[in-house]
Amino acid sequence: MNTIPKAFLSHATTILAETSSGLSGSKIVHFCNAWAADHGIDTPHAIYPFDAPNKRTALLENLLAFPPHLQYQMLLDLCDLAGPERSEVQDVRTKLVERFKALFEPTEPASREVLKDPYVLEFLGVSGVS
């Protein structure tokens with residue numbers, strides 16, 4: 001299974017939930033609860049104040065409860081919420097997309113590539129091969 005390394009998740013949550021300019025603890029819980037409710041996932045920190053030592057840890061532990069493809073989508077949304085004007089948040093978003101987009105975002109179905117093959121087109125009677 002394709003995964004996002006825990007080190008990357010930890011780095012991202014440290015920036016997204018940074019003490020002075022990051023997401024608030026209540027916003028983190030609200031966000032994670034919405035995703036958890038939509039996907040039937042039980043997160044460790046569903047109420048605020050949480051039992052985690054800080055909001056960065058609570059966010060990381062909540063994210064770890066989700067499968068990697070949802071973690072990817074959640075991190076993209078969290079980057080939007082955390083202030084796209086912050087350069088650190090933009091760096092997280094850029095790294096996330098560069099490293100994991102190919103793993104978690106749908107691409108053009110392979111069947112469409114097959115339909116571009118001239119031999120397949122000839123077989124289907126759509127085009128001839130010269």
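Two helices count as roughly parallel when the angle between their axes is under 35 degrees. Keep that cut-off at hand for this tour of a predicted model.

**Stop 1: the whole chain**

Start with a cartoon view of everything. The chain has 7 helices and 0 strands, so, following the elements from the N terminus on, you read α-α-α-α-α-α-α. Of the 130 residues, 35% are buried. Among contacts with a separation of 6 or more, 63% join residues 24 or more positions apart.

**Stop 2: α1 against α4**

Now select α1 (6-16) and α4 (68-81). Their axes come within 11 Å and cross at roughly 20 degrees. That angle is under 35 degrees, and therefore α1 and α4 are roughly parallel to each other. Look along the pair and you will find that the crossing is left-handed. Show side chains next: on the α1 side pick F8, L9, A12 and L16, which meet Q71, L75, L78 and C79 of α4. While C79 is displayed, note that this cysteine is buried, at 1% relative accessibility.

**Stop 3: T13, on α1**

Stay on α1 and select T13, which is found in this helix. Is T13 buried or exposed? With 1% relative accessibility, T13 counts as buried. Leaving aside residues up to four places away in sequence, T13 touches R56, L59, L60 and L63.

**Stop 4: α2 against α3**

Next, bring up α2 (25-39) and α3 (55-64). These two helices pack at about 10 degrees, with their axes 10 Å apart. That makes α2 roughly parallel to α3. For the side chains in between, display G25, I28 and C32 from α2, which meet K55, L59 and N62 from α3. C32 is buried, and its relative accessible area is 0%. With cysteines on screen, you may wonder how many disulfides the structure holds. The count is 0.

**Stop 5: the loop between α2 and α3**

Follow the chain out of α2 and stop at P49, in the loop that leads to α3. Zoom in on the peptide bond between Y48 and P49: this bond is cis, with omega at about 5 degrees.

**Stop 6: the nonpolar core**

Hide the cartoon for a moment and think about side chains. In soluble globular proteins, nonpolar side chains tend to be buried together. Here the largest nonpolar core has 31 residues. Which residues have the most contacts inside this core? Select I4, L16, L59, L75 and L96 to see them. Then colour by helix: α1, α2, α3, α4 and α5 (87-104) each supply at least two residues of the core. The biggest contribution comes from α4, which gives 7 residues.

You have already met some of these names: L16 and L75 were at the contact of α1 with α4, and L59 was among the residues that T13 touches.

**Stop 7: I4 and L103**

Finish by centring on I4. Apart from residues up to four places away in sequence, I4 touches L9, P68, Q71, Y72, L75, L96, F100 and F104. From here, add L103, which lies in α5. I4 and L103 are 99 residues apart along the chain, yet a line drawn between their C-alpha atoms spans 9.6 Å. L103 has a relative accessibility of 38% and so counts as partly exposed.

Conventions
Residues are numbered from 1 along each chain as its sequence is written. This is a predicted model: local features need pLDDT of at least 70, side-chain atom pairs count only at pLDDT 80 or more; totals for chains, interfaces and linings use all residues. Side-chain values use heavy atoms; hydrogens and water are left out. Helices (H or I, at least four residues) and strands (E, at least two) are DSSP runs, numbered from the N terminus. A disulfide is a pair of cysteine sulfur atoms within 2.5 Å. Buried means under 20% relative accessible area, exposed over 50%, partly exposed in between (1.4 Å probe, protein chains only). A nonpolar core is a set of buried Ala, Val, Leu, Ile, Met, Phe, Trp, Tyr and Cys residues joined through side-chain atoms within 4.5 Å. Contact means heavy atoms within 4.5 Å. Axes are lines fitted to C-alpha atoms, for helices over the stretch in contact, and angles run from 0 to 180 degrees between N-to-C directions. Angles under 35 degrees count as roughly parallel, over 145 as roughly antiparallel, 65 to 115 as roughly perpendicular and the rest as oblique. A crossing is left-handed if the near helix is turned anticlockwise from the far one by less than a right angle, and right-handed if clockwise.
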